[in-house]
Amino acid sequence: PVPVEEKKPVLSAEEELALFVKQQRQVKKHAPEKEKYTLEESLLKVAKDIRENPVTLSESAKKEDDSTMNLAKELEALARAAREGNRHNMLSAGKQISLLVNQICELLKNVATYATHPLIKDRLIKSSQALKNFAIQLKILTNVKASSERAMDTDADEQLGCLTRALGASLGEGMQAVDI
């Protein structure tokens, strides 16, 4: 027996669009939702990750351990200040975070100068550049949030939370390259 092809009805452009939208809704319905964190949760999560994943460094680079632990403390201080609405402490923590991240960037660059493997050297330099960028943005957004008239500036909170998670990921990548 010869298989008979089923003829599909020809759909108009509107019907095709409606079918496409229906299929996309089905896909979205079964897709896992992205985790949403509050600003405080994002800050505390990154601080916790830093504390739980310390990098063992040579004696000459122990200063970096202090910088990362101090960074964790300042992220916690920023979370506390944001929760309390303490503008002065938010500004102070944002400035300190930026300074600490810049210190870590310098240390990553120094480690990169001694790296013999070109991929490791490249990872260290790129992580350093990304961290510096995130530090500047975090400082600016913290200033925006602190100067906002609204007690709950959800846009600034979302941006700061996202930026904090990106900073944490970039820091983890840089520290992982140091650990190699």
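## A six-helix chain, starting from one salt bridge

Let's begin with a pair of charged side chains: those of Arg83 and Glu40 meet in a salt bridge, with 2.3 Å from N to O. This pair links distant parts of the chain, since Arg83 sits in helix H3 and Glu40 in helix H2, 43 residues apart. Side chains of opposite charge can pair when their charged atoms come close. Is Glu40 itself buried, exposed or partly exposed? Its relative accessible area is 25%, so Glu40 counts as partly exposed. Keep in mind as you read that this is a predicted model.

**The whole chain**

Now step back and look at the overall picture. The secondary structure comes to 6 helices and 0 strands. Reading from the N terminus, the order of elements is α-α-α-α-α-α. The chain has 180 residues, and 33% of them count as buried. About 12,200 Å² of the chain is exposed, and carbon and sulfur atoms supply 55% of that area. Consider also the contacts between residues at least 6 apart in sequence: 70% of these join residues at least 24 apart.

**More salt bridges**

How many salt bridges does the structure hold? The count is 7. Three of them, including the pair you have already met, are set out here.

| Salt bridge | N to O distance |
|---|---|
| Arg83 and Glu40 | 2.3 Å |
| Glu52 and Lys48 | 3.8 Å |
| Lys109 and Glu106 | 3.4 Å |

The second pair stays inside one helix: Glu52 and Lys48 both belong to helix H2 and lie 4 residues apart, about one turn of the helix. Lys48 has a relative accessibility of 48%, so this residue counts as partly exposed. The third pair is also found within one helix, with Lys109 and Glu106 both in helix H4 and 3 residues apart, again about one turn of the helix. Lys109 is partly exposed because its relative accessibility is 33%, and Glu106 is partly exposed because its value is 38%.

**A walk along helix H4**

Helix H4 covers residues 87–114, which makes 28 residues. From its first C-alpha to its last, H4 reaches 41 Å, close to the 40 Å expected at 1.5 Å a residue. At its N-terminal end you will find a cap: a side-chain oxygen of Asn86 lies 3.3 Å from the backbone nitrogen of His88.

Which residues of H4 are buried? Among them are Met90, Ala93, Gly94, Ile97, Leu100 and Val101, and further along Ile104, Cys105, Leu107 and Leu108. Ser98 is another residue of helix H4. Why does Ser98 count as buried? Its relative accessibility is 6%, which is under the 20% cut-off, so Ser98 falls in the buried class. Leaving out residues up to four places away in sequence, Ser98 touches Ala135 and Lys139.

Asn110 also lies in helix H4, but this residue is partly exposed, with a relative accessible area of 41%. Asn110 and Leu124 are 14 residues apart along the chain, and their C-alpha atoms are separated by 9.3 Å.

**The nonpolar core**

The largest nonpolar core contains 36 residues, and those touching the most other members are Leu71, Leu75, Val101, Leu124 and Leu131. Which elements give two or more residues to this core? They are helix H2 (39–52), helix H3 (62–84), H4, helix H5 (118–147) and helix H6 (154–179). The largest share, 9 residues, comes from H4.

Leu131 is a good residue to click on in the structure. Apart from neighbours within four places in sequence, Leu131 is in contact with Val101, Ile104, Cys105 and Leu108, and also with Leu167, Ser170 and Leu171.

**A glycine in helix H6**

Our last stop is Gly161, which has its place in helix H6. Is Gly161 buried or exposed? With a relative accessibility of 2%, Gly161 counts as buried. Beyond its neighbours within four places in sequence, Gly161 is in contact with Leu39 and Ser42. Another residue to find is Leu43: Gly161 and Leu43 are 118 residues apart in sequence, yet 6.8 Å apart in space, C-alpha to C-alpha.

Technical notes: Residues numbered from 1 in each chain as written. Predicted model: local features only at pLDDT ≥ 70, side-chain atom pairs only at ≥ 80, totals over all residues. Heavy atoms only, no water. Expected span 1.5 Å × (residues − 1). Buried < 20%, exposed > 50% of the residue type's maximum accessible area, 1.4 Å probe, protein only. Polar contact = N/O pair within 3.5 Å; in protein donor to acceptor, adjacent residues only side chain to side chain. Core = buried A, V, L, I, M, F, W, Y, C linked by side-chain atoms within 4.5 Å. Contact = heavy atoms within 4.5 Å. Areas by Shrake-Rupley, 256 points an atom, 1.4 Å probe, with all protein chains shown as cover. Salt bridge = Lys/Arg side-chain N within 4 Å of Asp/Glu carboxyl O.
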